[in-house]
Amino acid sequence: MILSSCGSSSAPQIPVGPNGESDTELSTGRAVWTKHCASCHGSSGQGGRGHKLNDGEIFRIYPEVDGLLNVISVGKGQGMPAFGSKLSDEEIAAVSRYIREILN
Ligand code: HEC
């Protein structure tokens, strides 16, 4: 259950459905984002050490989700770590959905 208040330093919440349930995959995605990505990309993807990820550019660079899954798995350039051995495929898929559907 998500009862915490939404401070500017916490990642955007998942919408809650009429019956009070939220999408479990998106919840996983948010948890992965908070733990592994927010430190570089900002809690809401506003950017920092890593690129801004909440300005829609992600859909131009990676129009298909596969490209996004791939860059998270293998990393990019000097700064973006490869997460393929740290996160499961399910976690990578979940955080990709969180980026595309919640941060976008
Ligand atoms: C240690 C800091 C760091 C962490 C942690 C990190 N990133 Fe990155 N990320 C970067 C940097 C720096 C770049 C830019 C790499 C480049 O373009 O050379 C980047 C690039 C990206 C890109 C590609 C953007 C583009 O323009 O192609 C995506 C997508 C991304 N990160 C997602 C994630 C996700 C999801 C996580 C967590 C699972 C994560 N990052 C964790 C630093 C980080």
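A pocket, in the sense I shall use today, is an open set of grid points with protein on both sides within 12 Å along at least five of seven lines, and its lining residues have an atom within 4 Å of a point. Colleagues, please keep in mind that the model before you is a predicted one.

Let me begin with the largest pocket. The space in it comes to about 560 Å³. Its lining comprises 25 residues, and those closest to the centre are His41, Gly50, His51, Leu53 and Met80. Which helix gives the most to this lining? That is H1, with 5 residues. At least two lining residues come from each of H1, helix H2 (57-61), H3 and H4.

Two of those central residues bring us to the metal site. The iron atom of the ligand has His41, through NE2, and Met80, through SD, as its protein donors, at 1.9 to 2.1 Å. The site is octahedral, with 6 donor atoms and angles among them of 87 to 179°. For reference, the ideal angles for six octahedral donors are 90 or 180 degrees.

Where do the two protein donors sit in the chain? His41 belongs to helix H1, whereas Met80 belongs to the loop between H3 and H4, so the pair ties together parts 39 residues apart in sequence. Are they buried or exposed? His41 has a relative accessible area of 11%, and because buried means under 20%, this residue counts as buried. Met80, at 24% relative accessibility, is partly exposed.

The surroundings of His41 deserve a moment. Setting aside neighbours within four places in sequence, His41 is in contact with Trp33, Gln46, Gly47, Gly48, Gly50, His51, Leu53 and Met80.

Trp33 leads us to the nonpolar interior. In soluble globular proteins, nonpolar side chains tend to be buried together. Here the largest nonpolar core has 21 residues, and Trp33, Ile58, Leu68, Ile72, Val95, Tyr98 and Ile99 are those with the most contacts inside it. Helices H1 (24-41), H3 (65-74) and H4 (89-103) each supply at least two residues of this core. The most comes from H4, with 6 residues.

Finally, consider Trp33 itself. Beyond its neighbours within four places in sequence, Trp33 has contacts that include Val95, Tyr98, Ile99 and Leu103. Also among its contacts are His41 and Leu53. Trp33 thus touches His41, which is a donor of the iron atom, and is itself one of the residues with the most contacts inside the core.

Conventions. Residues are numbered from 1 along each chain as its sequence is written. This is a predicted model: local features need pLDDT of at least 70, side-chain atom pairs count only at pLDDT 80 or more; totals for chains, interfaces and linings use all residues. Side-chain values use heavy atoms; hydrogens and water are left out. A nonpolar core is a set of buried Ala, Val, Leu, Ile, Met, Phe, Trp, Tyr and Cys residues joined through side-chain atoms within 4.5 Å. Buried means under 20% relative accessible area, exposed over 50%, partly exposed in between (1.4 Å probe, protein chains only). Helices (H or I, at least four residues) and strands (E, at least two) are DSSP runs, numbered from the N terminus. Contact means heavy atoms within 4.5 Å. Donors are N, O and S atoms within 2.8 Å of the metal (3.2 Å for Na, K and Ca); water is not among the atoms, so sites may look incomplete. Four donors count as tetrahedral if all angles lie between 85 and 135 degrees; four count as square planar and six as octahedral if opposite donors are over 155 degrees apart and all others between 65 and 115; anything else is irregular. On a 1 Å grid over the protein atoms alone, a cavity is a set of points where a 1.4 Å probe fits but cannot get out, and a pocket is an open set with protein on both sides within 12 Å along at least five of seven lines; lining residues have an atom within 4 Å of a point. Grid points are joined across faces, edges and corners, and a volume is the space filled by probe spheres set on the points.
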